[in-house]
Amino acid sequence: MKISMISTLPPIKGLSPYTLGLVKELSKNVEIDFYGFKSIYPEFLYPGGTKTNEPEPTIKNVNIKNYLTWYNPFSWIRTGLSINTDIVHAQWWSWFLAPVYLTTLTIAKLRGKKIIMTIHNVKPHEKSFIKNFLNNSVIGLANEYIVHSEDNKRKFNSKKNVSVIPLGLDIKKEIKKETAIQKLNLPQNKSFLLFFGNIRDYKGLDILISALEEMKRQDVILLIAGQIWDKKLLDQIKNKTNIIYSNGFVKPEEVIYYFSASDLVVYPYKYFDASSAAAAEALSYEKAIVVTNVGGLPELVKDKNVIAKSNDVTDLKDKIVYALKNKMKLEKDSKAITKKFAWNVIAKMTRGVYRR
């Protein structure tokens with residue numbers, strides 16, 4: 001079997017961690033022509049930059065062609081004309097890339113290619129008419145769809161085939177909490193809550209900070225690891241003795257220290273129409289997590305006592321208190337859930353869509 005895929009791989013940020021895991025596993029049974037990006041966004045639109053220091057991977061049975069640039073329509077046309085497989089698997093996540101995908105996939109479709117689209121965000125995170133229009137225009141080009149949760153499928157009003165395939169993850173071995181605390185220069189004898197990922201308004205960091213204040217516990221510290229997009233949040237965390245901020249993008253090699261130091265990872269999203277890669281990262285470390293009742297987040301936990309109402313400070317506080325008391329049980333729950341996120345399971349389900 002041979003397919004073409006459009007997405008990102010390191011060093012481009014985008015969907016690279018997810019795509020790398022998927023492509024590595026698929027390539028054991030599938031030959032892949034991979035069409036990626038040389039340049040994906042204007043740097044000023046993406047706080048923290050668009051690239052990491054990771055090298056471009058070399059993967060057996062994967063022919064990587066990084067033709068695409070966000071500013072060059074000829075690269076979009078070239079990609080659409082270069083695709084020579086019957087199946088094109090497009091990873092779709094950002095309305096900003098709509099012109100790239102519309103051009104590339106329209107050319108591929110006119111050439112008789114079947115398009116499978118994995119939709120990582122059923123709706124744009126920050127909603128507007130133009131963003132929704134661009135998002136829906138790209139989505140309309142596909143013959144089959146993959147989404148990551150049952151909630152996404154319910155919100156996705158398509159008469160075409162829609163398969164639910166969870167986000168994949170690699171199980172990661174964390175280091176001792178004491179070692180991580182020392183590495184990050186954190187105070188001893190504290191419980192640490194972790195907020196991880198790019199920090200945008202919909203992710204509810206302001207709600208979490210208010211819940212922390214309502215807890216009034218000197219032994220609990222909030223670690224914020226990620227790039228703040230909303231500068232108003234910087235004022236909210238300034239001079240707080242129980243909040244420690246990473247001061248921007250966390251390098252991939254440093255992520256392990258933040259998760260290993262944390263007792264609980266919290267995802268207090270206000271609204272969400274996707275499945276969170278940041279939350280899947282917590283599962284990969286088999287951490288206890290607290291989520292809100294939006295998007296695919298509730299499907300990432302077994303214990304309903306750790307699902308808080310969105311935008312509800314007191315309820316989030318109560319769920320955090322419960323989770324800290326039941327940390328070991330919740331870690332076992334996360335370990336059990338990770339089995340359905342194993343890459344070999346994800347790849348097998350994906351190959352089933354290709355065959356259909």
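Student: Is Ile77 buried, exposed or partly exposed?
Tutor: This is a predicted model, and in it Ile77 has a relative accessible area of 34%. Buried residues fall under 20% and exposed ones lie over 50%. The value for Ile77 sits in between, so the residue is partly exposed.

Student: Which residues make the nonpolar surface patch that includes Ile77?
Tutor: Ile77 belongs to helix H2, residues 73–82. The patch covers about 330 Å². Its makers are Phe74, Ile77 and Leu81.

Student: How many salt bridges does the structure hold?
Tutor: A salt bridge here needs a side-chain nitrogen of Lys or Arg within 4 Å of a carboxyl oxygen of Asp or Glu. One of them pairs Arg154 with Asp151. The count for the structure is 18.

Student: In which helix do Arg154 and Asp151 lie?
Tutor: The closest N and O atoms of this salt bridge are 3.8 Å apart. Along the sequence the partners are three residues apart, about one turn of the helix. Both lie in helix H5.

Student: Which partner of that pair is buried?
Tutor: Arg154 has 59% relative accessibility and counts as exposed. Asp151 has a relative accessible area of 12%, and the limit for buried is under 20%. The buried partner is therefore Asp151.

Student: How many residues apart in sequence are the parts that Lys240 and Glu213 tie together?
Tutor: The two side chains meet in a salt bridge of 3.0 Å, N to O. Lys240 lies in the loop between helix H8 and strand S10, while Glu213 is in helix H7, so the pair links separate parts of the chain. Lys240 is partly exposed at 28%, and Glu213 is partly exposed at 42%. The separation in sequence is 27 residues.

Student: How far apart are the closest N and O atoms of Asp219 and Arg217?
Tutor: Asp219 counts as partly exposed at 31% relative accessibility. Arg217 is also partly exposed, at 29%. In their salt bridge, the closest N and O atoms are apart by 2.9 Å.

Student: What is the value of omega for the peptide bond that joins Pro10 and Pro11?
Tutor: Most peptide bonds are trans. The bond from Pro10 to Pro11 is cis. Pro11 lies in the loop between strand S1 and helix H1. Omega of this bond is about 10°.

Student: What is phi of Lys216?
Tutor: Most residues other than glycine have a negative phi. Lys216 has a positive one. This residue lies in the loop between H7 and strand S9, and it is exposed, with a relative accessible area of 71%. Its phi is near 55°.

Student: What is phi of Asn311?
Tutor: Asn311 is in the loop between strand S13 and helix H11. It is partly exposed at 45% relative accessibility. Although Asn311 is not a glycine, its phi is positive, at about 60°.

Student: Which helix gives the most to the lining of the largest cavity?
Tutor: The search finds one cavity of 30 Å³ or more, and the largest cavity holds about 50 Å³ of space. Its lining includes Leu330, Asp333, Ser334 and Ile337, and the lining divides into six nonpolar, one polar and three charged residues. With four residues, the top contributor is helix H12.

Conventions
Residues numbered from 1 in each chain as written. Predicted model: local features only at pLDDT ≥ 70, side-chain atom pairs only at ≥ 80, totals over all residues. Heavy atoms only, no water. 1 Å grid on protein atoms, 1.4 Å probe; cavity = no way out; pocket = protein on both sides within 12 Å on 5 of 7 lines; lining within 4 Å. Points joined across faces, edges and corners; volume = space filled by probe spheres on them. Helix = DSSP H or I, 4+ residues; strand = E, 2+ residues; numbered from the N terminus. Nonpolar A, V, L, I, M, F, W, Y, C, P; charged D, E, K, R; others polar. Patch = residues over 30% accessible without salt bridge, like charges linked within 9 Å, V, L, I, M, F, W, Y side chains within 5 Å. Areas by Shrake-Rupley, 256 points an atom, 1.4 Å probe, with all protein chains shown as cover. Buried < 20%, exposed > 50% of the residue type's maximum accessible area, 1.4 Å probe, protein only.
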